[in-house]
Amino acid sequence: AVDRAYEAELQGEPDPRIAWLLRQTAATAPSRRALLTSLGIGPGSQVLDVGTGFGCVPVELAVLGPVTAVGIDVDHQVLQAARRIADAVAGSGELAAGSTV
């Protein structure tokens with residue numbers, strides 16, 4: 001669901017800068033996911049991702065288990081995309097029960 005949300009966002013993105021960042025986010029997903037699963041973040045954890053970009057860390061952690069994950073960033077355009085991605089993943093039912101992003 002996360003990969004589909006990245007791809008859907010990429011298809012609608014006319015800004016080359018944002019599209020490049022989305023491609024980078026998608027391309028680094030396997031290594032990021034391996035790292036996230038090794039961090040030992042357990043159920044009920046609260047996570048803050050500073051400089052979240054498209055929110056990949058909060059969203060992917062919320063898929064792995066029940067966490068409260070918040071991402072912040074200074075780029076308003078990227079944060080709008082992050083919200084759409086998080087909403088798409090939540091709408092797919094893929095977030096772990098009890099997770100919030």
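Helix axes here are lines fitted to C-alpha atoms over the stretch in contact, and the angles between them run from 0 to 180 degrees between N-to-C directions. The model on screen is predicted.

**Stop 1: α1 and α2**

Select α1 (2–11) and α2 (16–27). Their axes cross at roughly 165 degrees and come within 10 Å. Angles over 145 degrees count as roughly antiparallel, so that is the relation of α1 to α2. The crossing of these two helices is left-handed.

Now show side chains at the contact. From α1, take Y6, E9 and L10; from α2, take A19, L22, R23, T25 and A26. Sorted by class, this contact between α1 and α2 has 5 nonpolar, 1 polar and 2 charged residues.

Stay on A19, which is part of helix α2. Is A19 buried or exposed? A19 counts as buried because its relative accessibility is 6%, and the cut-off for buried is under 20%. Beyond residues up to four places away in sequence, A19 touches L10 and E13. For a distance label, pick the C-alpha atoms of A19 and E9: they are 8.6 Å apart in space, with the two positions 10 residues apart in sequence numbering.

**Stop 2: α3 and α4**

Next, select residues 29–38 for helix α3 and residues 56–64 for helix α4. The two pack at an angle of about 60 degrees, and their axes are 10 Å apart. That angle makes α3 oblique to α4. The crossing of α3 and α4 is right-handed.

Which residues make the contact? On α3 they are R32, R33, L36 and T37; on α4 they are C56, V57, E60, L61 and L64. The class count for α3 with α4 is 5 nonpolar, 1 polar and 3 charged residues.

**Stop 3: the buried residues of α4**

Keep α4 and hide the rest of the side chains. Colour C56, P58, V59, E60, L61 and A62, the buried residues of this helix. Then bring back the elements they pack against: α1, α2, α3, β1 (46–50), β2 (68–72) and α5.

Centre the view on V59, in helix α4. V59 counts as buried because its relative accessibility is 1%. With neighbours within four places in sequence left aside, V59 is in contact with V2, A86, V89, L95 and V101. A label between the C-alpha atoms of V59 and D49 should read 10 Å; the two residues are 10 places apart along the chain.

Move along to V63, also found in helix α4. What is the exposure class of V63? At 27% relative accessibility, V63 counts as partly exposed. Its contacts, not counting residues up to four places away in sequence, are V2, V89, E94, L95 and A96. V63 and G93 are 30 residues apart in sequence, and their C-alpha atoms are 9.4 Å apart in space.

**Stop 4: V47 on β1**

Select V47 in strand β1. V47 counts as buried, with 15% relative accessibility. Show I41, L61, T68, A69 and V70, which V47 contacts once neighbours within four places in sequence are set aside. The C-alpha atoms of V47 and G71 lie 8.3 Å apart, although the residues are 24 positions apart in sequence.

**Stop 5: two polar side chains**

Go to D75, in the loop between β2 and α5. D75 counts as buried because its relative accessibility is 19% and the limit is under 20%. Select the side chain of D75 and the backbone nitrogen of Q77: a polar atom of that side chain lies 3.0 Å from the nitrogen.

The last selection is S99, in the segment after α5 (76–91). S99 is buried, with a relative accessible area of 12%. Where does its side chain find a backbone oxygen? The oxygen belongs to A62, and a polar atom of the S99 side chain lies 2.9 Å from it. A62 is also one of the buried residues of α4 coloured earlier. To finish, display A62, G65, P66 and V67, the residues in contact with S99 apart from its neighbours within four places in sequence.

Notes:
Residues numbered from 1 in each chain as written. Predicted model: local features only at pLDDT ≥ 70, side-chain atom pairs only at ≥ 80, totals over all residues. Heavy atoms only, no water. Helix = DSSP H or I, 4+ residues; strand = E, 2+ residues; numbered from the N terminus. Parallel < 35°, antiparallel > 145°, perpendicular 65-115°, else oblique. Left-handed = near helix turned anticlockwise from the far one by under 90°. Contact = heavy atoms within 4.5 Å. Nonpolar A, V, L, I, M, F, W, Y, C, P; charged D, E, K, R; others polar. Buried < 20%, exposed > 50% of the residue type's maximum accessible area, 1.4 Å probe, protein only. Polar contact = N/O pair within 3.5 Å; in protein donor to acceptor, adjacent residues only side chain to side chain.
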